[in-house]
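Subject: Handover of a predicted structure

Dear colleague,

I am passing a structure on to you, and I would ask you to look through it before reading the notes that follow.

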Amino acid sequence: MRNKIAPTWTCMIWGYATYNHGKEAINLFHQMLELGLEPNAKTFTALLSGCKNSCLLDKGWKYFNMMKKDYCLVPMMEHYSCMVDLLGRAGYLDEAWDLIQTMPSLNLKPDGSIWGPLLSSCRTHNELELGKIAAANLFELEPYNSVNYVMLMDLHSMSNRWADVDRLRDMAFDRRVKINAGGWSWIQIGCKVHHFFNEDDPPPPPYHHHPDLGEIYFELYQLISEMKRAGYVPDINCVCQNIDDSEKEKVLLSHPEKLAITYGLMKTRNSGSPIRVMQKTRMCSDCHRLAKFISSVRNREILVKVGSQFHHFRQGNCSCNDCW
């Protein structure tokens with residue numbers, strides 16, 4: 001392009017941010033400044049998203065303060081959302097809470113884009129009390145969003161508070177909210193798309209459970225055994241059911257992303273091409289851990305797209321730096 005204007009640079013920064021290339025997004029931002037172009041609020045949203053997705057905490061604070069001090073830009077909801085998410089992912093939950101308290105109450109009242117990332121981070125770092133505050137706000141703002149119920153149920157189950165788990169399940173039932181912890185995944189092999197669902201949940205019409213499910217589970221059992229020999233330990237905290245540990249491991253096997261990745265391994269065994277999976281709900285820590293082991297032991301690249309975020313597993317690492 002002959003004339004690279006500010007929106008052009010912003011789009012490129014967004015691209016790097018989406019694929020967890022935070023450092024590249026920052027380099028591009030500084031190239032933009034060297035050309036004398038002035039960033040706007042959207043540019044800083046893209047830049048902070050890059051910092052968030054790559055867990056670059058110090059850089060995130062730097063650019064959040066820069067937009068106010070150097071460019072007289074007033075942070076909006078999306079900027080605060082990025083910072084709360086970044087702080088929460090990095091484990092600085094108290095700082096995330098303090099930042100929420102500093103939001104100007106006259107024109108910026110925290111919404112789901114603020115409380116949602118905070119609740120997710122509380123789930124990741126097992127912070128129940130703050131998670132309950134975030135969930136209470138989300139239940140008012142988004143009373144029919146099942147994800148919020150599932151995350152708080154996970155938090156209670158991690159502390160063995162099964163009565164609270166049952167209470168939340170009853171609350172969701174009374175509000176006619178369908179609790180579906182497993183979600184669903186899909187993968188394209190050749191010209192055909194294959195869908196996978198949690199075994200305990202009936203697939204929505206017109207879908208059905210995969211016809212090769214028995215063969216996939218047989219392959220998955222072998223895969224799990226291989227990964228355990230390499231050091232993989234199932235994260236049973238991902239199961240919010242009051243059952244024994246061996247049963248929890250069986251529940252983990254039915255997660256749709258595991259089934260999709262296993263099917264991808266089966267069908268691309270000879271080609272060695274990257275495995276690309278689309279995931280409807282947030283990837284649990286156990287599936288994330290297993291995908292890292294598979295990428296290392298089997299020497300395969302795995303890409304999992306969850307909403308607007310990508311996880312690129314390669315040689316035992318993920319592009320999110322285990323911060324999601």
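A good place to begin is Trp 115, which counts as buried at 5% relative accessibility; here buried means under 20% relative accessible area, exposed means over 50%, and partly exposed covers what lies in between, all with a 1.4 Å probe and protein chains only. Please keep in mind that this is a predicted model, in which local features need pLDDT of at least 70 and side-chain atom pairs count only at pLDDT 80 or more, whereas totals for chains, interfaces and linings use all residues. Residues are numbered from 1 along each chain as its sequence is written, and side-chain values use heavy atoms, with hydrogens and water left out.

Aromatic pairs

The structure holds 14 aromatic pairs, where rings of Phe, Tyr and Trp (for Trp, its six-membered ring) pair if their centres lie within 6.5 Å, and the planes count as stacked when under 30 degrees apart, as edge-to-face when over 60, and as tilted otherwise. One of these pairs joins Trp 97 to Trp 115, with ring centres 6.1 Å apart and planes at 45°, so the pair is tilted. Because Trp 97 lies in helix H6 (residues 93-102) and Trp 115 in helix H7 (residues 112-125), the pair ties together parts that are 18 residues apart in sequence; helices (H or I, at least four residues) and strands (E, at least two) are DSSP runs, numbered from the N terminus. Trp 97 is partly exposed, at a relative accessible area of 26%.

A tilted pair is also formed by Phe 197 and Tyr 207, at 5.9 Å centre to centre and with 45° between the planes. This pair links distant parts of the chain, since Phe 197 belongs to strand S2 (residues 192-197) while Tyr 207 sits 10 residues away in the loop between S2 and helix H11 (213-229). Of the two, Phe 197 is buried, with a relative accessible area of 5%, and Tyr 207 is partly exposed, with 32%. Elsewhere, Phe 29, Phe 44, Tyr 63 and Tyr 71 form one aromatic cluster.

Salt bridges

The count comes to 13 salt bridges, a salt bridge being a side-chain nitrogen of Lys or Arg within 4 Å of a carboxyl oxygen of Asp or Glu. Among them is the contact between the side chains of Asp 164 and Arg 167, at 3.6 Å from N to O; these residues are 3 apart in helix H10 (residues 162-174), which means that about one helical turn separates them. Asp 164 counts as buried at 18% relative accessibility, whereas Arg 167, at 41%, counts as partly exposed.

Lys 228 and Glu 249 form another salt bridge, their closest N and O atoms being 3.0 Å apart. That pair links distant parts of the chain, with Lys 228 in helix H11 and Glu 249 in helix H12 (residues 245-253), 21 residues apart. Lys 228 is partly exposed at 38% relative accessibility, and Glu 249 is partly exposed as well, with a relative accessible area of 30%.

The side chains of Asp 286 and Lys 258 meet in a salt bridge at 2.6 Å, N to O. Asp 286 lies in helix H14 (residues 285-297) and Lys 258 in helix H13 (residues 256-267), so this salt bridge ties together parts that are 28 residues apart in sequence. Both Asp 286 and Lys 258 are buried. In addition, Lys 52, Asp 85 and Arg 89 are linked in a network of salt bridges.

Strands

Strand S4 (residues 302-306) and strand S5 (residues 309-314) pair in the antiparallel sense over 5 bridges, strands being paired if DSSP finds at least two bridges between them. Val 306 has Gln 309 of S5 as its bridge partner, and the two strands form a hairpin with 2 residues between them, where Gly 307 in the turn has a positive phi of about 60°. S5 also pairs with strand S6 (residues 317-318) in the antiparallel sense, over 2 bridges, and there the bridge partner of Phe 313 is Cys 318. S5 and S6 likewise form a hairpin with 2 residues between them, and Gln 315 in its turn has a positive phi of about 55°.

Cysteines

The structure holds 0 disulfides, a disulfide being a pair of cysteine sulfur atoms within 2.5 Å. For Cys 11, the nearest cysteine sulfur is that of Cys 82, 16 Å away, and Cys 11 counts as exposed at 56% relative accessibility. The sulfur of Cys 51 is 8.9 Å from the closest cysteine sulfur, in Cys 82, and so too far for a bond; Cys 51 counts as buried, at 0% relative accessibility.

With best regards
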